[in-house]
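Here are my comments on the model, set out as numbered points for you to read alongside the coordinates.

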Amino acid sequence: MSVPLTDRIIQLAYDPGIAPKDGGLPGLAVLKNVVNSINLFGIIAVVGALAVSLGVWAWGHHTGGHQAEANGKKGAVVAAGAALGLGAANGTVAFFSSLGAQVH
């Protein structure tokens, strides 16, 4: 007995049978190494940006440059947010991936 096309489409939309598989493609270890290196580079750049922003903030405060002080504060907050995002990137993706895998 043949299954109607609409029933097959509904079944496909419900469970296509696709799941992430580690080691399915060649070069996966190299790609992980590249992404880890990019993340490290970003964290190092954020440390430099934070140091510059804090220096601008201090310089603006001590010289009475209110705009420089405000820009230093903004830069420090942005650098701290970027550090938070870079540090939490792997955990955030893992969290939402596992959350998405629970959707039926």
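1. This is a predicted model, and I begin with its largest pocket, to whose lining helix 2 gives the most, with four residues. Helix 2 (28–63) and helix 3 each supply at least two residues of that lining. The residues that line the largest pocket are Lys32, Val35, Asn36, Asn39, Ala89, Asn90 and Val93.

2. As for the volume and character of this site, about 240 Å³ of space lies in the largest pocket, and its lining is made up, by class, of three nonpolar, three polar and one charged residues. Rolling a probe the size of a water molecule over the atoms shows where empty space is left.

3. Helix 2 itself deserves a check on its geometry. At 1.5 Å a residue, its 36 residues should span 52 Å, and because the end C-alpha atoms of helix 2 are 52 Å apart, the expected and modelled values agree. Just after helix 2, Gly64 takes a positive phi of about 80 degrees.

4. Which residues of helix 2 are buried? They are Gly42, Val46, Ser53 and Gly60, and the buried residues of helix 2 pack against helix 3. Gly60 also appears among the contacts of Glu69, a residue that lies in helix 3 (residues 66–101).

5. Glu69 is worth following further on the screen. Leaving aside its neighbours within four places in sequence, Glu69 is in contact with Trp57, Gly60 and His61. Is Glu69 buried or exposed? Glu69 has a relative accessible area of 14% and therefore counts as buried, since the cut-off for that class is under 20%.

6. The count of salt bridges comes to one, and Glu69 forms a salt bridge with Lys73, in which the closest N and O atoms are 3.9 Å apart. The criterion asks for a side-chain nitrogen of Lys or Arg within 4 Å of a carboxyl oxygen of Asp or Glu, so the 3.9 Å separation of Glu69 and Lys73 satisfies it. Side chains of opposite charge can pair when their charged atoms come close.

7. The two partners of the salt bridge, Glu69 and Lys73, both lie in helix 3, four residues apart, about one turn of the helix. An α-helix has 3.6 residues a turn, so residues three or four places apart point the same way. The partners can also be set side by side in their exposure: Glu69 is buried at 14% relative accessible area, whereas Lys73, with a relative accessible area of 38%, is partly exposed.

Methods: Residues numbered from 1 in each chain as written. Predicted model: local features only at pLDDT ≥ 70, side-chain atom pairs only at ≥ 80, totals over all residues. Heavy atoms only, no water. Contact = heavy atoms within 4.5 Å. 1 Å grid on protein atoms, 1.4 Å probe; cavity = no way out; pocket = protein on both sides within 12 Å on 5 of 7 lines; lining within 4 Å. Points joined across faces, edges and corners; volume = space filled by probe spheres on them. Nonpolar A, V, L, I, M, F, W, Y, C, P; charged D, E, K, R; others polar. Buried < 20%, exposed > 50% of the residue type's maximum accessible area, 1.4 Å probe, protein only. Expected span 1.5 Å × (residues − 1).
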